[in-house]
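I opened my notebook to go through this structure piece by piece. Here is what I looked up, in the order I looked it up.

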Amino acid sequence: MKAFDLLPALIQLVAHQESAGGDATGLAARIRHRLEDISHHSTSYYFGPADRLVPWVAPDHPAPEPALRSTILTSVLTPVWEPDRQARRTRLCAIMTELVKANKRVLLIAPDNRTLDETLLASAKALRGAGLQYRSFLCRYEPPTIAHEGGINLRELSFDAQVSAFLGKSQSDKAGLRRKLTRYLELAPILRYKAEKQKDLDEVRHLEWRLLSAMGDVQSRIHRLEETLARYESLAIWHRLGMQVVGSNVGTMQENCRLYEVQKQEYLQELEVAQARINELQPEAYVEPEMRPEYDELKDEIHRLGGVERVREILATEEATSRRPFLQAKRVIAATAAKVAGDTIFAPLRYDALFV
């Protein structure tokens, strides 16, 4: 009997299983439709349908072609049959590594937890050997039965542990961001107040400088008048006459000295007031050396995130507790066949490859 003749018998067998009421999940119906499609489109693939079914129907019989004894490749199906389990897993891990490098999503299923853990360990070692961070790609949906082996901790790959770690990190990040926002809101009004006081201090210091300059001019004039009065009698007659012509004589010079002295005292009083105000403003305008860099760093961080209102919105956002987005973010999901068939979370998920 030719290998292609197996198809009608298999279709009848699956149809009988479906009609007997033992197809609660619809698996038999899907198998029957798939076998019928293979029989109707046998030329769509490089290998015929019988070639692809032989490794499943009679795996213990040696295939005549060397290629059929190891791997049969098509655009849809890649059966891998090796008598040695280690060789099969090595080949499986090599294919999985290439798919992960190609950014494909893979569903890995096994009949029991022990087999699944051993296969996942082999996959993790293969990814690690390829220089990839296996923790970022692999996820064990159910709790593992093997804790760790060969330096690989399977509990770190469990879905619940990864979700908890993600939520814990998110909460930690939010707590840190909340502390930064609180500190920023504390420093902002303080530094604004300090800036206003510094502005007032600069204005008073400028006034002090103008008073000192004016008082210096008055003192210079008093000093010149006193020198002139001291040597007035020794001046030449023509010099004294010239001074009197412009109204500068002993009487006017003494009067000017008294006026300048009064002006000097006024400047001194204003200068005392200004200096007292400076002494008041200096501690109010003083900024600790580490406060300004801290504020600038917090300000840049808050502005990078979109401002105070945006940060408040981020902090007010509740973490999504849906488990599906976490599964969709992983490249390789490992689960037992019973879990995949019984858990509705797998129904809407789409994968690029299925490893059985």
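**Entry 1: I222**

I started with I222 and found it in helix α7. I should jot down early that this is a predicted model. Is I222 buried or exposed? Its relative accessibility is 7%, and buried means under 20%, so I222 counts as buried.

Next I asked which residues I222 is in contact with, leaving aside its neighbours within four places in sequence. I got C257, Y260 and E261. I also looked up a C-alpha distance here: I222 and R258 are 36 residues apart along the chain, and their C-alpha atoms are separated by 8.7 Å.

**Entry 2: L187**

I stayed in helix α7 and moved to L187, which is found there too. L187 has a relative accessible area of 1%, so I wrote it down as buried.

Which residues does L187 touch, leaving aside its neighbours within four places in sequence? My list reads M291, E294, Y295 and L298. For E294 I looked up the C-alpha distance as well: 8.9 Å from L187, with the two positions 107 residues apart along the chain.

**Entry 3: helix α10**

Those contacts sent me to helix α10, residues 291-304. I checked its length against the rule of 1.5 Å a residue: its 14 residues should span 20 Å, and the end C-alpha atoms are 20 Å apart, so the two agree.

Then I asked which residues of α10 are buried. They are M291, Y295, L298 and I302. Their arc around the axis is only 70 degrees, so they sit on the same side of α10. On the other side of α10 I found E297, D300 and R304, and these are exposed. I looked just past the helix too: α10 is followed by G306, which has a positive phi near 110 degrees.

**Entry 4: an aromatic pair**

How many aromatic pairs does a search of the whole structure find? It finds 1. The partners are Y184 and Y295, and the pair is stacked, with 5.6 Å centre to centre and 5 degrees between the planes. I noted that the pair links distant parts of the chain, as Y184 is in helix α7 (residues 159-230) and Y295 is in helix α10, 111 residues apart.

I checked how covered the two rings' residues are. Y184 has 10% relative accessibility, so it counts as buried. Y295 has a relative accessible area of 11%, so it is buried as well.

**Entry 5: helix α4 and what comes after it**

I repeated the length check on α4. At 1.5 Å a residue, its 17 residues should span 24 Å, and the end C-alpha atoms are 24 Å apart, so this agrees.

The buried residues I listed in α4 are R89, L92, C93, M96, T97 and V100. Seen down the axis, they fall within an arc of 140 degrees, so they line one face of the helix. What do the buried residues of α4 pack against? I wrote down β1, α5, α6 (134-137), β5 and β6.

Just after α4 comes N103, which takes a positive phi of about 65 degrees. N103 is a residue other than glycine, and its place is in the loop between α4 and β1. With 52% relative accessibility, and exposed meaning over 50%, N103 counts as exposed.

**Entry 6: the largest nonpolar core**

I then looked up the largest nonpolar core, and it has 22 residues. Those with the most contacts inside it are M96, L108, L120, Y134, L138 and F355. The elements giving two or more residues to this core are α4 (85-101), β1 (106-110), α5 (113-129), β5 (332-336) and β6 (353-355). Which element gives the most? It is α5, with 5 residues.

I picked F355 for a contact list, again leaving aside its neighbours within four places in sequence. F355 is in contact with L92, I95, M96, L99, V106, L107, L108 and I109.

**Entry 7: the whole protein**

I finished with the totals. I have 13 helices and 6 strands for the protein. It has 356 residues, and 33% of them count as buried. Among contacts between residues at least 6 apart in sequence, 68% join residues at least 24 apart. My last note is on the accessible surface: it comes to about 22,200 Å², and 54% of that belongs to carbon and sulfur atoms.

Terms used: Residues numbered from 1 in each chain as written. Predicted model: local features only at pLDDT ≥ 70, side-chain atom pairs only at ≥ 80, totals over all residues. Heavy atoms only, no water. Helix = DSSP H or I, 4+ residues; strand = E, 2+ residues; numbered from the N terminus. Expected span 1.5 Å × (residues − 1). Buried < 20%, exposed > 50% of the residue type's maximum accessible area, 1.4 Å probe, protein only. Arc of directions from axis to C-beta. Phe/Tyr/Trp six-rings, centres within 6.5 Å; stacked < 30°, edge-to-face > 60°. Contact = heavy atoms within 4.5 Å. Areas by Shrake-Rupley, 256 points an atom, 1.4 Å probe, with all protein chains shown as cover. Core = buried A, V, L, I, M, F, W, Y, C linked by side-chain atoms within 4.5 Å.
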